[in-house]
Amino acid sequence: MQNTPQQASGWWPRLRNGLDSLFRRIEGRGAAGNSAYYLILGSTVALTAIGVLMVVSASSVESIAAGESPYANGLKQGVVAVLGFVVMMLISRSNVRFWHRIAWPAYFLAVALLLALFVIGTKVNGNLNWINVGGFSLQPSEAAKLAMAVWLAHVLFRKEKLLDQWKHVYIPAVIFGGVIVGIVMVQHDLGTALILMSILFSALFFAGVNYRILGGFGLLLIGLAGMAALTSGNRMCRVTTWVTGQACSDDYDSAYQSTGGLYGLASGGLLGTGLGQSRQKYSWIPEAHNDFIFAIIGEELGLVGAIVVLVLFAVLGINIYRVVIRQEQLFHRVLGGSIMVWILGQATVNMAMVTGLLPVIGVPLPLISYGGSALLMTLIAIGVVLSLARDSDPSRAASGGGSGKGVKGAKGLRLPSRPGKPGARTSKKPTTPRASRTQERVSRS
C-alpha cells in the first residue's frame with residue numbers, strides 16, 4: 001500500500017517513506033526477510049574470521065613461552081568455528097517448533113551441568129566454571145544462556161494470556177530462571193550471571209509483560225547485582241579502581257589489566273602497529289586472547305580495525321532486531337529478542353570494559369574471544385535467529401513455507417504490546433471471513 005499525498009506531508013513521513021523505499025530496493029521485490037538473513041550471516045562470518053585471526057596473533061607469544069606451537073589456540077578456535085558453522089546452518093534450516101519440544105529438557109540439562117561443576121569442575125581465576133573431559137573443556141554456563149533463552153520463550157508462550165498477573169510472570173519464569181542465575185553467582189562468575197539476568201529481563205520485555213511488573217523485577221535484579229558486588233572484596237576492588245583510577249591495595253595492582261588495555265588501544269593510533277606486532281600481548285595484558293582481545297585489535301589494527309568490529313556488531317544487531325519485530329508469535333519474538341540482547345549486550349559490556357567505560361567484568365567478546373564453548377553456543381544461537389529470518393520471509397509464506405506471520409511486522413519499529421490492552425497481539429489466526437480477507441489484502445499489498 002502507498003501513502004496518499006496528504007499522508008506523506010511533513011518531513012518525518014517523507015523520510016520514513018524514503019527509508020522504506022531504500023530498504024525495498026536493497027532487499028528486492030517481495031523478499032523483505034532475505035536481506036536480514038544474509039546480513040546476519042555475513043556479519044557473523046566476518047566477525048568469526050576476525051576472531052580466529054586475532055586469537056592466533058594475541059596468543060602466539062604465550063603459546064611459545066609455554067612450549068606450544070604459536071598457532072595452537074588459533075587452530076583450536078578455527079576447528080570449533082568450522083564445526084559451529086556447520087551446526088549453525090543445519091539449525092537455520094530447522095523448524096522452530098523443534099525448540100518447543102526441547103525447552104524443558106534443555107533447562108534441566110543446563111541445571112545438571114551447572115551442578116556438576118561442584119563435583120568435577122575446575123576453577124579458573126577464582127571462577128568455578130569449567131569441566132575438563134578427555135583433554136577437552138566445557139563451560140556449562142555458555143550452554144545455559146541458550147537453554148535459558150529457549151526455555152523462557154516456551155514458558156512465556158504458554159502463559160501468554162496471563163502475563164498481566166505478576167504471579168504468572170514469576171512462576172515459573174522468574175523462579176526457575178533465578179535458579180540458573182543463582183547457581184552461576186555461587187560459582188563466583190558475576191559477569192555471566194549479569195548476562196543471564198539480561199536474558200531473563202529481555203524475555204519478559206519481549207513477551208509484553210506489564211511495565212510495573214517489569215520495572216519491579218528490574219529493580220530486584222539491580223539490587224541482586226549490587227549485593228553480589230558489595231559482598232566480594234575482589235569485586236569492590238575492581239569497582240573502586242574503576243571509579244578512582246588507583247589500585248585499592250599495595251599488594252595487588254587491580255588497575256594493571258585495565259591500564260594495559262588502554263595502553264594497547266592508545267598505541268594503535270589510526271591504522272595500528274600491524275597484524276602480529278602488538279607489544280601488550282607480551283604478558284602485559286592478562287587474558288589478551290580472551291576478555292581483552294579488543295585491546296589487541298585496537299593496537300594491531302588501529303582505530304580503523306576497532307570501528308570495523310563495531311560496525312559489524314551494529315549490522316548484526318540491527319538485522320537481528322529487524323527479524324524480531326517481524327515475529328507475530330510470542331515464542332518467536334521472545335526467543336529472537338533474548339538472543340539479540342545476549343549477544344549484543346555481552347559485546348557492549350566487553351568493549352566498554354576494555355575502553356574503561358565499565359569496571360573489569362569477566363565476559364568474552366562474542367564470536368571473537370578465544371573459547372570453544374562460547375563460540376559454539378553463540379553460532380548455534382545465531383542459527384536459531386537465521387531460522388526465524390527464514391520463517392518470517394513473506395516470499396516463503398506466499399509459497400506455503402514459513403508461518404506467514406511476518407508481513408504485518410515488516411514496517412516500522414514497534415515494541416511488544418502489553419497483555420490485556422488494546423492492540424495486544426496473539427498467536428491465533430483470524431477466524432472470521434472478513435478478517436481473513438483483510439489479512440489477504442495486506443499480504444498482497
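This passage describes the fold, the interior, the surface and the charged pairs of a predicted model.

The model is a predicted one, and its confidence is a good place to begin. The chain has an average pLDDT of 82, and 81% of its residues score at least 70. Residues 1-7 have a pLDDT below 50, and this stretch makes five contacts beyond near neighbours in sequence. A further stretch, residues 394-414, also stays under 50 in pLDDT, with 40 contacts in the model beyond four places in sequence.

Turning to the overall architecture, 16 helices and three strands are found in the chain. Of its 445 residues, 49% count as buried. The accessible surface comes to about 21,400 Å², and carbon and sulfur atoms account for 65% of that area. Among contacts between residues at least 6 apart in sequence, 73% join residues that are at least 24 apart.

The interior is best introduced through its largest nonpolar core, which has 107 residues. Within this core, Leu156, Phe313, Ile339 and Trp342 touch the most other members. Setting aside neighbours within four places in sequence, Trp342 is in contact with Lys145, Leu146, Ile195, Ile199, Met377, Thr378 and Ala381.

Lys145 appears again in the surroundings of Thr192, a residue of helix α8 (residues 190-206). Beyond neighbours within four places in sequence, the contacts of Thr192 are Ser141, Lys145, Val184 and Val363. With a relative accessible area of 4%, Thr192 falls under the 20% limit and is therefore buried. Thr192 and Val363 lie 171 residues apart along the chain, yet their C-alpha atoms are separated by 6.5 Å. Another pairing across the sequence involves Ile325, which is found in helix α12. The C-alpha atoms of Ile325 and Phe206 are 9.6 Å apart, with their positions 119 residues apart in sequence. Ile325 has a relative accessibility of 8% and so counts as buried.

Charged pairs come next. Side chains of opposite charge can pair when their charged atoms come close. A search of the whole structure finds two salt bridges. One of these links Lys145 to Glu142, with 3.2 Å between the closest N and O atoms. Both partners sit in helix α6 (residues 140-158), and because they are three residues apart there, about one helical turn separates them. Lys145 is buried, and Glu142 is buried as well.

The side chains of Lys281 and Glu300 also meet in a salt bridge, at 3.5 Å from N to O. Lys281 belongs to the loop between α11 and α12, whereas Glu300 is in helix α12, so this pair ties together parts that are 19 residues apart in sequence. Lys281 has a relative accessible area of 3% and is therefore buried. Glu300, at 1%, is likewise buried.

On the outside of the model, a nonpolar surface patch of about 700 Å² is made by Leu270, Leu271, Leu303, Val304, Ile307, Val308, Leu310 and Val311. Leu270, one of these residues, lies in the loop between α11 (256-268) and α12 (293-325). The relative accessibility of Leu270 is 53%, which is over the 50% limit, so this residue counts as exposed. The loop between α11 and α12 thus holds both the exposed Leu270 and the buried Lys281.

How values were computed
Residues are numbered from 1 along each chain as its sequence is written. This is a predicted model: local features need pLDDT of at least 70, side-chain atom pairs count only at pLDDT 80 or more; totals for chains, interfaces and linings use all residues. Side-chain values use heavy atoms; hydrogens and water are left out. pLDDT is the predictor's confidence in each residue, from 0 to 100. Contact means heavy atoms within 4.5 Å. A nonpolar core is a set of buried Ala, Val, Leu, Ile, Met, Phe, Trp, Tyr and Cys residues joined through side-chain atoms within 4.5 Å. Buried means under 20% relative accessible area, exposed over 50%, partly exposed in between (1.4 Å probe, protein chains only). Patches are made of residues with over 30% relative accessible area and no salt bridge: like charges are joined within 9 Å, nonpolar side chains (Val, Leu, Ile, Met, Phe, Trp, Tyr) within 5 Å. Accessible areas come from the Shrake-Rupley method with a 1.4 Å probe; for residues, only the protein chains shown count as cover. A salt bridge is a side-chain nitrogen of Lys or Arg within 4 Å of a carboxyl oxygen of Asp or Glu. Helices (H or I, at least four residues) and strands (E, at least two) are DSSP runs, numbered from the N terminus.
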